[in-house]
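Here's a quick look at charged side chains and how they pair up. Have the structure open while you read.

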Amino acid sequence: MAQNIEKIELGPAIVEFGTGVDMVTFETTIGGVVLTTETAYREQRTDQTGETVVGKRVTGRNVSVTIPFGEYDLPTIPKIMVGAEAVTDGTDTKIIVKTGVGLNLLDSAKKAIIKPIAHKTDANYWVTLPLAYPETDLSYSYNNENERITNVTLRSTPDADDIVAILGDETVTATP
């Protein structure tokens with residue numbers, strides 16, 4: 001098989017989370033956006049074959065994208081951190097971060113799309129998580145060496161069709 005170096009992809013991406021006026025676009029990242037799929041398996045054994053694996057089945061698949069968001073933007077935090085809320089007096093805003101104990105993260109699930117910068121307008125290169133919820137943690141260093149990073153992980157949960165991720169243009173349909 002001959003090499004096709006035109007198929008080698010690299011470079012940063014943006015991530016869109018949500019739609020419409022509630023959409024958050026992560027355009028500044030420090031450390032790179034990372035998409036991960038993790039598949040769980042169960043090996044089948046029988047008493048008669050001992051430790052020999054006689055079958056192996058998929059027991060689940062999880063998809064997540066980690067986003068080291070590099071912008072310090074207070075109004076964005078309640079949109080991506082369950083249990084945080086903004087309080088505004090007309091000119092200034094503060095963010096109250098509560099414990100969030102008992103909150104269901106799935107209630108905040110929305111569509112997420114990863115768009116490589118080099119192919120920002122070509123949906124064939126996008127990755128779509130039809131339903132993803134945010135897990136957000138702040139890592140703010142107050143020194144001259146490190147940026148203040150809001151670490152966001154969007155975890156996919158199955159949509160009504162059990163889809164957890166779509167690589168490529170999500171509008172493509174099968175032809176008969």
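## What counts as a pair

A salt bridge here is a side-chain nitrogen of Lys or Arg within 4 Å of a carboxyl oxygen of Asp or Glu. Keep in mind that this is a predicted model. Going by that cut-off, the count comes to 8 salt bridges.

## The network around Glu43

Which residues join Glu43 in a network of salt bridges? They are Arg45, Glu51 and Lys56. In the Glu43 and Arg45 pair, the closest N and O atoms sit 2.8 Å apart. Both partners are partly exposed: Glu43 has 33% relative accessibility, and Arg45 has 34%.

Glu43 also has a salt bridge to Lys56, at 3.8 Å from N to O. Since Glu43 belongs to strand β3 (residues 34–44) and Lys56 to strand β4 (residues 55–69), this pair ties together parts that are 13 residues apart in sequence. Is Lys56 buried or exposed? Lys56 is exposed, with a relative accessible area of 52%.

## A link between distant parts

Now for Glu170 and Lys111, whose side chains form a salt bridge with an N to O distance of 2.9 Å. This one links distant parts of the chain, 59 residues apart: Lys111 is in strand β7 (residues 110–116), while Glu170 is in the segment after β10 (166–167).

As for accessibility, Glu170 is partly exposed, with a relative accessible area of 35%. Lys111 is partly exposed too, at 29% relative accessibility.

Terms used
Residues are numbered from 1 along each chain as its sequence is written. This is a predicted model: local features need pLDDT of at least 70, side-chain atom pairs count only at pLDDT 80 or more; totals for chains, interfaces and linings use all residues. Side-chain values use heavy atoms; hydrogens and water are left out. Buried means under 20% relative accessible area, exposed over 50%, partly exposed in between (1.4 Å probe, protein chains only). Helices (H or I, at least four residues) and strands (E, at least two) are DSSP runs, numbered from the N terminus.
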